[in-house]
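Here are my notes on the model you sent over. I've kept them as numbered points so you can follow along with the structure open.

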Amino acid sequence: MSERNTLIRSLHDAGLAAWFGGSLMGAIGLNGAAQDEGGTEATRDRISSSGWAKWAPVNAAAIGAHLFGGGGLLAVNAHRVATQQGVAASTTAKTVVTAAALAATAYARVLGKKVELASSSDPDDVEQAQKHPIDLDKARRQLAYAQWAVPALTGCLVVLNALHGEQQRPVEQIPGMWERARSAAHFTS
């Protein structure tokens, strides 16, 4: 059996890279360009919303690849999570941060869709927005925070990935597994 996990590691890492990089570029580049070129607030909202809507399917695929790869890595490294000291804690932290990044991404998309509908000139969108009125200024502020939360959280995932990489070095595995076994033996005696 091969000890390499190149495909699932690649899905995991490339998915996270796209999720992090796309969200950071959107928060800085896309929103900044809309601010510079939009003129009115409604026009800025339309430009930004159009770009984020075009990115959404790619982002969903990136997140899916990251989650699939992460699940695969967890499955093939279950023995390390169970036996190597520190790996369970970093895996738990990574799971919590991933859940927070997913929540921030979903929240940003919901807010973005609300702003998109409220700023649209399409009669169908205007009608739909009137059925569900929002405080547009409040939604814009919340959206800005959510759009910055995503690269902050996914950046934390990049750091946790680096920690997991360090924990896979043989010099880390042997003492960590030994200490975990010693602690387990101490509790059973």
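1. A definition to begin with: the expected span of a helix is 1.5 Å times one less than its number of residues. Helices here are DSSP runs of H or I with at least four residues, strands are runs of E with at least two, and both are numbered from the N terminus. Helix α2 covers residues 41-76, and its 36 residues should span 52 Å. Its end C-alpha atoms sit 50 Å apart, which agrees.

2. Some housekeeping. This is a predicted model, with local features needing pLDDT of at least 70 and side-chain atom pairs counting only at pLDDT 80 or more, while totals for chains, interfaces and linings use all residues. Residues are numbered from 1 along each chain as its sequence is written, and side-chain values use heavy atoms, with hydrogens and water left out.

3. Back to α2, where there is a kink of about 35° at Ala 56, shortly before the proline Pro 57. The bend at a residue is the angle between two fitted axes, one for the seven residues ending there and one for the seven starting there.

4. Now the whole chain. The protein chain has seven helices and zero strands, so to speak an α-α-α-α-α-α-α order from the N terminus on. Its C-alpha trace spans about 70 × 35 × 25 Å along the principal axes. The radius of gyration is 21 Å, whereas a compact globule of 189 residues would be near 16 Å. That radius is taken over C-alpha atoms, and the globule rule is 2.2 Å times the number of residues to the power 0.38.

5. On surface and packing: the accessible surface comes to about 11100 Å², and 65% of it belongs to carbon and sulfur atoms. Areas come from the Shrake-Rupley method with a 1.4 Å probe, and for residues only the protein chains shown count as cover. Buried residues (under 20% relative accessible area; exposed is over 50%, partly exposed in between) make up 33% of the 189 residues. Take the contacts (heavy atoms within 4.5 Å) between residues at least 6 apart in sequence: 82% of them join residues at least 24 apart.

6. Which residues are linked in a network of salt bridges? They are Glu 41, Asp 45, Asp 137 and Arg 140. A salt bridge here is a side-chain nitrogen of Lys or Arg within 4 Å of a carboxyl oxygen of Asp or Glu, and by this rule the count comes to four. As background, side chains of opposite charge can pair when their charged atoms come close.

7. Going through that network, Arg 140 pairs with Glu 41, the closest N and O atoms being 2.5 Å apart. Arg 140 lies in helix α6 and Glu 41 in helix α2, so this pair ties together parts that are 99 residues apart in sequence. Arg 140 also bridges to Asp 45, with closest N and O atoms 2.6 Å apart; that pair again links α6 to α2, across 95 residues. Asp 137 forms a salt bridge with Arg 140 at 3.1 Å, and both lie in α6, three residues apart, about one turn of the helix.

8. Are the acidic partners buried or partly exposed? Asp 45 counts as buried because its relative accessibility is 11%. Glu 41, at 39%, is partly exposed, and Asp 137, at 43%, is partly exposed too.

9. Leu 136 also lies in α6 and is partly exposed at 21% relative accessible area. Leaving aside neighbours within four places in sequence, Leu 136 contacts Asp 45, Val 115 and Ala 118. Leu 136 and Ala 118 are 18 residues apart in sequence and 7.3 Å apart C-alpha to C-alpha.

10. Further along, Pro 151 lies in α6 (residues 136-167) and counts as buried because its relative accessibility is 5%. Setting aside neighbours within four places in sequence, Pro 151 is in contact with Phe 20, Ser 23 and Leu 24. The C-alpha atoms of Pro 151 and Leu 24 are separated by 5.3 Å, although their positions lie 127 residues apart along the chain.11. Two more residues to look at. Thr 105, in helix α4 (residues 87-119), is buried at 14% and touches Trp 19, Asn 59, Ile 63 and Val 150, not counting residues up to four places away in sequence. His 79 is in helix α3 (residues 78-83) and is partly exposed at 47%. The C-alpha atoms of His 79 and Lys 113, 34 residues apart along the chain, are separated by 43 Å.

Methods. Buried means under 20% relative accessible area, exposed over 50%, partly exposed in between (1.4 Å probe, protein chains only).
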